[in-house]
Amino acid sequence: MKSLYLFRKDLRAGDHPGLEYLIDRQREVILLYVEDPSDRLLKSRGYEVRRGLLSRLDRLLGRKIHFERGDTLSILKGYIEAFGVEEVVLQKQYEPWEVALQEALASLGVGVMMIEDYLLLSPERGLKHDDTLYLVFKAFYDNWRKKISPGSPFTYALGDLRSMKVKEAPVPVAPDPVDYARIDTFFNEDVPRYQDISDEFTREGTARISALINNGGISTRKVLYLGRISDAFIRQLAWREYYTHWIYYYPDAVKEDFRPVAYPWSTNREDFEKWQRGETGYDLVDAAMNQLNREGWIHGRLRMVAASFLIKDLHIDWRWGEAYFHEKLLDADTALNVGNWQWMAGTGALHQPYFRVLSPLAQSARFDPEGVYVRANLEGSHEPMVDHKTSRILFIENFKQAQQAQKNKEA
Ligand SMILES: Cc1cc2nc3c(=O)[nH]c(=O)nc-3n(C[C@H](O)[C@H](O)[C@H](O)COP(=O)(O)OP(=O)(O)OC[C@H]3O[C@@H](n4cnc5c(N)ncnc54)[C@H](O)[C@@H]3O)c2cc1C
(Lines give C-alpha, C1' and ligand atoms only; values in the text may rest on other atoms or scores of the structure.)
Protein backbone atom coordinates (compact mmCIF):
# COMPACT_ATOMS: atom_id res chain seq x y z
CA MET A 1 0.00 0.00 0.00
CA LYS A 2 1.31 3.45 -0.90
CA SER A 3 0.52 6.14 1.65
CA LEU A 4 1.10 9.87 1.70
CA TYR A 5 1.72 11.51 5.04
CA LEU A 6 0.72 15.17 5.07
CA PHE A 7 2.41 17.03 7.92
CA ARG A 8 0.31 19.61 9.78
CA LYS A 9 1.09 20.75 13.31
CA ASP A 10 3.05 17.62 14.15
CA LEU A 11 6.61 18.51 13.26
CA ARG A 12 8.59 16.06 15.36
CA ALA A 13 10.20 12.68 14.86
CA GLY A 14 9.47 11.04 18.24
CA ASP A 15 6.24 10.21 20.03
CA HIS A 16 4.36 10.64 16.78
CA PRO A 17 1.33 8.38 16.27
CA GLY A 18 1.17 9.24 12.54
CA LEU A 19 4.70 8.02 11.84
CA GLU A 20 4.18 5.07 14.16
CA TYR A 21 1.09 4.08 12.16
CA LEU A 22 3.08 4.08 8.92
CA ILE A 23 5.99 2.14 10.42
CA ASP A 24 3.73 -0.43 12.08
CA ARG A 25 1.89 -1.17 8.88
CA GLN A 26 5.03 -1.18 6.76
CA ARG A 27 3.49 1.28 4.33
CA GLU A 28 5.51 2.66 1.46
CA VAL A 29 5.21 6.36 2.15
CA ILE A 30 5.67 9.83 0.71
CA LEU A 31 6.22 12.46 3.40
CA LEU A 32 4.86 15.84 2.33
CA TYR A 33 4.62 19.38 3.68
CA VAL A 34 2.64 21.97 1.75
CA GLU A 35 3.19 25.68 2.27
CA ASP A 36 -0.27 26.90 1.38
CA PRO A 37 -0.64 30.66 0.78
CA SER A 38 -4.04 30.53 2.47
CA ASP A 39 -2.41 29.48 5.77
CA ARG A 40 -2.84 32.39 8.17
CA LEU A 41 0.44 31.54 9.87
CA LEU A 42 2.39 32.58 6.78
CA LYS A 43 1.67 36.19 7.74
CA SER A 44 3.02 35.69 11.23
CA ARG A 45 6.44 35.51 12.83
CA GLY A 46 5.13 32.20 14.08
CA TYR A 47 5.99 30.84 10.65
CA GLU A 48 9.69 31.16 11.54
CA VAL A 49 9.13 28.47 14.14
CA ARG A 50 7.15 26.32 11.73
CA ARG A 51 9.94 26.51 9.12
CA GLY A 52 12.66 25.86 11.68
CA LEU A 53 10.91 22.80 13.06
CA LEU A 54 10.16 21.47 9.61
CA SER A 55 13.78 21.85 8.58
CA ARG A 56 14.94 20.10 11.77
CA LEU A 57 12.47 17.26 11.27
CA ASP A 58 13.55 16.86 7.65
CA ARG A 59 17.13 16.46 8.81
CA LEU A 60 16.11 13.90 11.43
CA LEU A 61 14.18 11.93 8.82
CA GLY A 62 17.14 11.83 6.45
CA ARG A 63 15.82 14.64 4.20
CA LYS A 64 12.87 12.58 3.07
CA ILE A 65 10.15 15.24 3.36
CA HIS A 66 8.88 16.77 0.14
CA PHE A 67 8.12 20.46 0.22
CA GLU A 68 5.60 22.09 -2.11
CA ARG A 69 4.04 25.52 -2.34
CA GLY A 70 0.44 26.06 -3.42
CA ASP A 71 -3.11 24.92 -2.82
CA THR A 72 -2.94 21.82 -0.60
CA LEU A 73 -5.79 19.95 -2.26
CA SER A 74 -4.48 20.48 -5.80
CA ILE A 75 -0.99 19.38 -4.77
CA LEU A 76 -2.39 16.27 -3.11
CA LYS A 77 -4.32 15.45 -6.30
CA GLY A 78 -1.12 15.75 -8.31
CA TYR A 79 0.85 13.47 -5.97
CA ILE A 80 -1.93 10.89 -5.84
CA GLU A 81 -2.05 10.70 -9.62
CA ALA A 82 1.68 10.78 -10.22
CA PHE A 83 2.68 8.22 -7.61
CA GLY A 84 -0.35 5.98 -7.27
CA VAL A 85 -1.00 6.99 -3.66
CA GLU A 86 -3.81 4.93 -2.13
CA GLU A 87 -4.13 6.55 1.26
CA VAL A 88 -3.60 10.02 2.76
CA VAL A 89 -2.69 10.11 6.44
CA LEU A 90 -2.70 13.29 8.54
CA GLN A 91 -3.15 14.68 12.01
CA LYS A 92 -6.63 16.00 12.77
CA GLN A 93 -6.87 19.75 13.24
CA TYR A 94 -9.63 22.04 14.50
CA GLU A 95 -9.50 25.51 12.96
CA PRO A 96 -12.24 26.24 10.39
CA TRP A 97 -9.88 26.19 7.39
CA GLU A 98 -8.34 22.91 8.58
CA VAL A 99 -11.78 21.37 9.01
CA ALA A 100 -12.70 22.51 5.48
CA LEU A 101 -9.55 20.86 4.10
CA GLN A 102 -10.26 17.65 6.00
CA GLU A 103 -13.79 17.54 4.58
CA ALA A 104 -12.51 18.18 1.05
CA LEU A 105 -10.15 15.20 1.28
CA ALA A 106 -13.14 12.92 0.70
CA SER A 107 -13.19 14.16 -2.91
CA LEU A 108 -9.72 12.71 -3.57
CA GLY A 109 -11.07 9.21 -4.05
CA VAL A 110 -8.43 7.55 -1.85
CA GLY A 111 -8.49 6.36 1.74
CA VAL A 112 -8.09 9.06 4.39
CA MET A 113 -6.72 8.25 7.82
CA MET A 114 -7.06 11.02 10.35
CA ILE A 115 -4.92 10.68 13.46
CA GLU A 116 -6.28 12.36 16.58
CA ASP A 117 -3.22 13.48 18.49
CA TYR A 118 -3.00 17.28 18.59
CA LEU A 119 -4.86 17.55 21.91
CA LEU A 120 -4.92 15.54 25.11
CA LEU A 121 -8.70 15.25 24.86
CA SER A 122 -10.71 15.27 21.66
CA PRO A 123 -13.40 17.97 21.37
CA GLU A 124 -16.12 15.29 21.40
CA ARG A 125 -15.00 14.04 24.82
CA GLY A 126 -14.71 17.58 26.17
CA LEU A 127 -18.46 18.27 25.92
CA LYS A 128 -21.14 18.25 28.63
CA HIS A 129 -23.62 15.36 28.88
CA ASP A 130 -26.03 17.26 26.63
CA ASP A 131 -23.30 17.54 23.97
CA THR A 132 -22.80 21.26 24.42
CA LEU A 133 -19.68 23.16 25.36
CA TYR A 134 -18.95 23.92 29.01
CA LEU A 135 -19.37 27.60 29.72
CA VAL A 136 -17.73 27.39 33.13
CA PHE A 137 -14.01 26.65 33.04
CA LYS A 138 -13.95 24.73 36.31
CA ALA A 139 -16.58 22.29 35.04
CA PHE A 140 -14.66 21.84 31.76
CA TYR A 141 -11.46 21.32 33.69
CA ASP A 142 -12.91 18.71 36.07
CA ASN A 143 -14.22 16.66 33.15
CA TRP A 144 -11.01 17.10 31.12
CA ARG A 145 -8.78 16.21 34.06
CA LYS A 146 -10.71 13.01 34.75
CA LYS A 147 -10.29 11.87 31.17
CA ILE A 148 -6.67 12.68 30.41
CA SER A 149 -3.75 10.62 31.62
CA PRO A 150 -0.03 11.39 31.65
CA GLY A 151 0.99 8.16 29.92
CA SER A 152 4.68 8.16 29.09
CA PRO A 153 5.73 9.10 25.54
CA PHE A 154 6.36 6.11 23.29
CA THR A 155 9.31 5.28 21.05
CA TYR A 156 9.92 3.42 17.78
CA ALA A 157 12.73 2.98 15.29
CA LEU A 158 12.59 5.70 12.66
CA GLY A 159 14.85 3.61 10.45
CA ASP A 160 11.81 1.45 9.73
CA LEU A 161 10.05 4.22 7.85
CA ARG A 162 9.85 2.98 4.26
CA SER A 163 9.89 6.16 2.29
CA MET A 164 9.34 6.23 -1.46
CA LYS A 165 11.62 8.07 -3.83
CA VAL A 166 9.86 10.87 -5.71
CA LYS A 167 10.93 13.96 -7.61
CA GLU A 168 13.18 16.46 -5.89
CA ALA A 169 11.26 18.96 -3.75
CA PRO A 170 13.60 19.69 -0.85
CA VAL A 171 12.55 21.41 2.36
CA PRO A 172 14.25 24.83 2.62
CA VAL A 173 16.86 24.84 5.37
CA ALA A 174 15.86 27.20 8.20
CA PRO A 175 17.21 27.82 11.71
CA ASP A 176 15.23 26.39 14.60
CA PRO A 177 14.53 29.32 16.96
CA VAL A 178 13.28 27.22 19.89
CA ASP A 179 15.36 27.49 23.07
CA TYR A 180 15.40 23.83 24.12
CA ALA A 181 17.86 24.40 26.97
CA ARG A 182 15.47 26.89 28.54
CA ILE A 183 12.59 24.40 28.33
CA ASP A 184 14.75 21.67 29.92
CA THR A 185 15.65 23.98 32.78
CA PHE A 186 11.99 24.72 33.34
CA PHE A 187 11.00 21.06 33.60
CA ASN A 188 14.10 20.06 35.60
CA GLU A 189 14.09 22.93 38.07
CA ASP A 190 11.12 25.30 37.92
CA VAL A 191 8.03 23.20 37.44
CA PRO A 192 7.56 22.39 41.17
CA ARG A 193 7.43 26.16 41.85
CA TYR A 194 5.25 27.01 38.84
CA GLN A 195 2.26 27.90 41.01
CA ASP A 196 4.30 30.56 42.86
CA ILE A 197 6.42 32.00 40.09
CA SER A 198 4.39 31.74 36.90
CA ASP A 199 2.85 35.20 37.21
CA GLU A 200 6.17 36.97 37.52
CA PHE A 201 7.26 38.38 34.22
CA THR A 202 10.48 39.77 35.70
CA ARG A 203 11.89 36.24 35.83
CA GLU A 204 11.55 33.30 33.49
CA GLY A 205 8.98 31.49 35.56
CA THR A 206 7.09 29.72 32.78
CA ALA A 207 7.96 27.00 30.28
CA ARG A 208 8.18 29.18 27.14
CA ILE A 209 7.02 26.12 25.31
CA SER A 210 3.94 27.47 23.50
CA ALA A 211 5.53 27.88 20.05
CA LEU A 212 6.86 24.34 20.24
CA ILE A 213 3.50 22.87 21.33
CA ASN A 214 1.51 24.82 18.76
CA ASN A 215 3.55 23.40 15.89
CA GLY A 216 3.71 19.91 17.36
CA GLY A 217 7.49 20.11 17.89
CA ILE A 218 6.63 18.23 21.07
CA SER A 219 3.53 16.14 21.77
CA THR A 220 0.99 17.42 24.28
CA ARG A 221 1.28 13.96 25.87
CA LYS A 222 4.96 14.58 26.55
CA VAL A 223 4.30 18.09 27.88
CA LEU A 224 1.73 16.68 30.30
CA TYR A 225 4.17 13.98 31.33
CA LEU A 226 6.99 16.46 31.94
CA GLY A 227 4.75 18.83 33.89
CA ARG A 228 2.69 16.20 35.72
CA ILE A 229 3.78 17.23 39.21
CA SER A 230 2.27 20.70 38.94
CA ASP A 231 -1.51 21.04 38.99
CA ALA A 232 -1.18 24.72 38.17
CA PHE A 233 0.80 23.90 35.02
CA ILE A 234 -1.65 21.21 33.92
CA ARG A 235 -4.46 23.72 34.36
CA GLN A 236 -2.79 26.00 31.82
CA LEU A 237 -2.77 23.15 29.31
CA ALA A 238 -6.51 22.81 29.90
CA TRP A 239 -7.02 26.44 28.83
CA ARG A 240 -5.24 25.65 25.60
CA GLU A 241 -7.51 22.68 24.98
CA TYR A 242 -10.64 24.61 25.93
CA TYR A 243 -10.02 27.34 23.38
CA THR A 244 -9.19 24.79 20.68
CA HIS A 245 -12.44 22.92 21.34
CA TRP A 246 -14.32 26.20 21.35
CA ILE A 247 -13.03 27.33 17.96
CA TYR A 248 -13.87 23.88 16.58
CA TYR A 249 -17.50 24.13 17.67
CA TYR A 250 -17.84 27.87 17.05
CA PRO A 251 -15.70 28.61 13.99
CA ASP A 252 -17.37 32.02 13.56
CA ALA A 253 -15.76 33.13 16.82
CA VAL A 254 -12.51 33.63 14.89
CA LYS A 255 -14.03 36.87 13.65
CA GLU A 256 -17.22 37.46 15.62
CA ASP A 257 -18.06 38.03 19.27
CA PHE A 258 -19.23 34.80 20.85
CA ARG A 259 -21.52 36.96 23.01
CA PRO A 260 -22.29 39.82 20.68
CA VAL A 261 -22.20 43.31 22.07
CA ALA A 262 -22.83 46.42 20.01
CA TYR A 263 -19.92 48.35 21.50
CA PRO A 264 -19.09 51.57 19.62
CA TRP A 265 -15.45 50.61 19.06
CA SER A 266 -12.99 53.34 18.20
CA THR A 267 -11.41 53.19 14.76
CA ASN A 268 -8.67 55.68 15.55
CA ARG A 269 -5.66 54.34 13.64
CA GLU A 270 -3.30 56.84 15.20
CA ASP A 271 -4.12 55.54 18.68
CA PHE A 272 -3.76 51.97 17.46
CA GLU A 273 -0.37 52.67 15.95
CA LYS A 274 0.88 54.29 19.16
CA TRP A 275 -0.11 51.12 21.01
CA GLN A 276 1.65 49.00 18.38
CA ARG A 277 4.83 51.06 18.62
CA GLY A 278 4.86 51.14 22.43
CA GLU A 279 4.14 54.86 22.69
CA THR A 280 1.08 54.92 24.95
CA GLY A 281 2.89 56.72 27.77
CA TYR A 282 2.11 53.84 30.16
CA ASP A 283 5.52 52.33 30.82
CA LEU A 284 4.46 48.75 31.38
CA VAL A 285 2.31 48.65 28.23
CA ASP A 286 5.08 50.28 26.19
CA ALA A 287 7.80 47.99 27.54
CA ALA A 288 5.63 44.96 26.73
CA MET A 289 4.91 46.15 23.18
CA ASN A 290 8.62 46.83 22.63
CA GLN A 291 9.52 43.34 23.75
CA LEU A 292 6.77 41.88 21.56
CA ASN A 293 7.98 43.81 18.52
CA ARG A 294 11.59 42.87 19.13
CA GLU A 295 11.40 39.27 20.30
CA GLY A 296 8.03 37.96 19.12
CA TRP A 297 7.31 37.03 22.70
CA ILE A 298 5.87 38.44 25.91
CA HIS A 299 4.83 36.78 29.14
CA GLY A 300 1.13 35.91 29.51
CA ARG A 301 0.46 38.60 32.12
CA LEU A 302 1.95 41.25 29.85
CA ARG A 303 -0.28 40.02 27.02
CA MET A 304 -3.20 40.69 29.36
CA VAL A 305 -1.95 44.14 30.31
CA ALA A 306 -1.40 45.14 26.67
CA ALA A 307 -4.73 43.67 25.54
CA SER A 308 -6.67 45.27 28.36
CA PHE A 309 -5.16 48.65 27.52
CA LEU A 310 -6.11 48.43 23.86
CA ILE A 311 -9.67 47.35 24.56
CA LYS A 312 -10.54 49.09 27.79
CA ASP A 313 -8.41 52.24 27.70
CA LEU A 314 -8.29 52.96 23.97
CA HIS A 315 -11.69 51.30 23.30
CA ILE A 316 -10.36 49.62 20.17
CA ASP A 317 -11.92 46.42 18.87
CA TRP A 318 -10.24 43.18 20.09
CA ARG A 319 -9.99 42.01 16.45
CA TRP A 320 -7.35 44.68 15.71
CA GLY A 321 -5.30 43.59 18.67
CA GLU A 322 -5.70 39.92 17.84
CA ALA A 323 -4.48 40.51 14.29
CA TYR A 324 -1.43 42.41 15.54
CA PHE A 325 -0.52 39.78 18.13
CA HIS A 326 -0.96 37.11 15.48
CA GLU A 327 1.46 38.89 13.19
CA LYS A 328 4.11 39.35 15.87
CA LEU A 329 3.98 36.32 18.16
CA LEU A 330 6.31 33.39 17.60
CA ASP A 331 3.67 31.21 19.26
CA ALA A 332 0.79 32.68 17.22
CA ASP A 333 -2.20 30.36 17.33
CA THR A 334 -5.61 31.52 16.18
CA ALA A 335 -7.72 29.55 18.66
CA LEU A 336 -5.65 30.63 21.66
CA ASN A 337 -5.18 34.18 20.53
CA VAL A 338 -8.86 34.77 19.73
CA GLY A 339 -9.91 32.93 22.89
CA ASN A 340 -7.75 35.13 25.07
CA TRP A 341 -8.66 38.36 23.29
CA GLN A 342 -12.38 37.61 23.57
CA TRP A 343 -11.86 36.65 27.21
CA MET A 344 -10.32 40.05 27.82
CA ALA A 345 -13.00 41.89 25.82
CA GLY A 346 -15.80 40.24 27.77
CA THR A 347 -17.29 38.72 24.64
CA GLY A 348 -15.93 35.14 24.82
CA ALA A 349 -17.42 31.80 25.84
CA LEU A 350 -15.46 32.22 29.04
CA HIS A 351 -14.69 35.79 29.80
CA GLN A 352 -13.42 38.30 32.24
CA PRO A 353 -16.26 40.53 33.54
CA TYR A 354 -16.22 43.70 31.45
CA PHE A 355 -15.93 45.91 34.53
CA ARG A 356 -12.61 44.33 35.51
CA VAL A 357 -10.04 46.59 33.92
CA LEU A 358 -6.32 46.06 34.50
CA SER A 359 -4.52 49.16 35.65
CA PRO A 360 -1.03 49.33 34.10
CA LEU A 361 0.24 51.25 37.13
CA ALA A 362 -1.15 48.78 39.66
CA GLN A 363 0.21 45.85 37.61
CA SER A 364 3.66 47.48 37.57
CA ALA A 365 3.57 48.10 41.31
CA ARG A 366 2.52 44.52 41.99
CA PHE A 367 4.71 42.57 39.59
CA ASP A 368 7.62 44.89 38.82
CA PRO A 369 7.97 47.09 41.92
CA GLU A 370 11.66 47.81 41.28
CA GLY A 371 10.98 48.64 37.62
CA VAL A 372 13.44 45.99 36.43
CA TYR A 373 11.34 44.82 33.50
CA VAL A 374 10.32 48.31 32.46
CA ARG A 375 13.90 49.61 32.52
CA ALA A 376 15.09 46.70 30.40
CA ASN A 377 12.39 47.18 27.76
CA LEU A 378 11.41 50.84 27.61
CA GLU A 379 12.71 52.77 24.61
CA GLY A 380 12.06 56.47 25.18
CA SER A 381 9.38 58.26 27.19
CA HIS A 382 5.93 59.40 26.05
CA GLU A 383 3.08 61.45 27.42
CA PRO A 384 0.12 59.26 28.54
CA MET A 385 -2.32 59.19 25.62
CA VAL A 386 -5.34 58.83 27.93
CA ASP A 387 -6.17 59.17 31.57
CA HIS A 388 -6.62 55.57 32.74
CA LYS A 389 -9.24 56.39 35.38
CA THR A 390 -11.43 58.35 32.95
CA SER A 391 -11.16 55.92 30.06
CA ARG A 392 -11.90 52.99 32.38
CA ILE A 393 -15.13 54.58 33.61
CA LEU A 394 -16.14 55.41 30.05
CA PHE A 395 -15.52 51.85 28.91
CA ILE A 396 -17.60 50.38 31.73
CA GLU A 397 -20.48 52.78 31.06
CA ASN A 398 -20.43 52.21 27.31
CA PHE A 399 -20.17 48.45 27.68
CA LYS A 400 -23.11 48.32 30.09
CA GLN A 401 -25.22 50.31 27.65
CA ALA A 402 -24.09 48.28 24.65
CA GLN A 403 -24.96 45.05 26.45
CA GLN A 404 -28.42 46.40 27.31
CA ALA A 405 -28.94 47.52 23.70
CA GLN A 406 -27.97 44.04 22.54
CA LYS A 407 -30.44 42.44 24.97
CA ASN A 408 -33.23 44.74 23.75
CA LYS A 409 -32.38 43.81 20.15
CA GLU A 410 -32.53 40.11 20.92
CA ALA A 411 -35.73 40.35 23.05
C1 LIG B 1 -4.20 38.50 24.69
C2 LIG B 1 -3.54 37.14 24.72
C3 LIG B 1 -3.17 36.52 23.52
C4 LIG B 1 -2.57 35.24 23.53
N5 LIG B 1 -2.20 34.67 22.33
C6 LIG B 1 -1.62 33.43 22.33
C7 LIG B 1 -1.21 32.83 21.10
O8 LIG B 1 -1.39 33.36 19.99
N9 LIG B 1 -0.61 31.61 21.17
C10 LIG B 1 -0.40 30.97 22.37
O11 LIG B 1 0.16 29.86 22.38
N12 LIG B 1 -0.83 31.50 23.53
C13 LIG B 1 -1.41 32.71 23.56
N14 LIG B 1 -1.79 33.27 24.76
C15 LIG B 1 -1.78 32.44 25.98
C16 LIG B 1 -0.54 32.52 26.87
O17 LIG B 1 -0.20 33.84 27.15
C18 LIG B 1 0.66 31.80 26.27
O19 LIG B 1 0.29 30.49 25.86
C20 LIG B 1 1.77 31.64 27.32
O21 LIG B 1 2.14 32.91 27.81
C22 LIG B 1 2.95 30.93 26.69
O23 LIG B 1 4.02 30.91 27.56
P24 LIG B 1 4.56 29.59 28.23
O25 LIG B 1 4.73 28.51 27.25
O26 LIG B 1 5.76 29.99 29.04
O27 LIG B 1 3.34 29.27 29.17
P28 LIG B 1 3.18 28.44 30.55
O29 LIG B 1 2.77 29.40 31.58
O30 LIG B 1 4.46 27.68 30.81
O31 LIG B 1 2.00 27.48 30.22
C32 LIG B 1 2.16 26.23 29.58
C33 LIG B 1 1.27 26.16 28.36
O34 LIG B 1 -0.10 26.30 28.73
C35 LIG B 1 -0.82 26.96 27.70
N36 LIG B 1 -1.37 28.24 28.20
C37 LIG B 1 -0.88 29.03 29.17
N38 LIG B 1 -1.66 30.12 29.35
C39 LIG B 1 -2.68 30.00 28.47
C40 LIG B 1 -3.82 30.81 28.15
N41 LIG B 1 -4.08 31.97 28.79
N42 LIG B 1 -4.64 30.39 27.17
C43 LIG B 1 -4.40 29.23 26.52
N44 LIG B 1 -3.35 28.44 26.77
C45 LIG B 1 -2.50 28.81 27.73
C46 LIG B 1 0.18 27.24 26.59
O47 LIG B 1 0.14 26.18 25.65
C48 LIG B 1 1.49 27.25 27.33
O49 LIG B 1 2.61 26.98 26.53
C50 LIG B 1 -2.38 34.57 24.77
C51 LIG B 1 -2.74 35.20 25.96
C52 LIG B 1 -3.31 36.47 25.94
C53 LIG B 1 -3.71 37.12 27.26
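Which hand does the crossing of H14 and H15 have, left or right? I'll come to that in a moment. A caution before anything else: this is a predicted model.

The helices, then. H14 covers residues 318–328 and H15 covers residues 334–345. Their axes come within 10 Å and cross at roughly 145°. The crossing is right-handed. On the H14 side, the contact is made by Trp 318, Gly 321, Glu 322, Phe 325 and His 326. Facing them in H15 are Thr 334, Asn 337, Val 338, Trp 341, Gln 342, Met 344 and Ala 345. By class, that contact has six nonpolar residues, five polar and one charged.

H15 also takes us to the ligand. At least two residues of the shell around the ligand come from H15, and the same holds for each of H8 (210–214), H10 (231–249) and H13 (300–313). There are 27 residues around the ligand, and the nearest are Thr 206, Ala 207, Ser 210, Gly 300 and Asn 340. The shell divides into 14 nonpolar, eight polar and five charged residues.

Now the domains. The assignment gives three for the protein chain: domain 1 at 2–117, domain 2 at 119–153 plus 179–249, and domain 3 at 269–410. Domains 2 and 3 both contribute residues to the ligand shell, so the ligand lies between them.

Last, domain 1 against domain 2. Their C-alpha centres are 25 Å apart. In the contact, 14 residues of domain 1 meet 15 of domain 2. The domain 1 side of that contact has eight charged residues, four nonpolar and two polar.

Notes:
Residues are numbered from 1 along each chain as its sequence is written. This is a predicted model: local features need pLDDT of at least 70, side-chain atom pairs count only at pLDDT 80 or more; totals for chains, interfaces and linings use all residues. Axes are lines fitted to C-alpha atoms, for helices over the stretch in contact, and angles run from 0 to 180 degrees between N-to-C directions. Helices (H or I, at least four residues) and strands (E, at least two) are DSSP runs, numbered from the N terminus. A crossing is left-handed if the near helix is turned anticlockwise from the far one by less than a right angle, and right-handed if clockwise. Two residues are in contact if their C-beta atoms, placed from the backbone, lie within 7 Å. Ala, Val, Leu, Ile, Met, Phe, Trp, Tyr, Cys and Pro count as nonpolar, Asp, Glu, Lys and Arg as charged, and the others, Gly among them, as polar. A residue is near a molecule or strand if its C-beta atom, placed from the backbone, lies within 6 Å of it. Domain bounds come from an automatic or database domain assignment.
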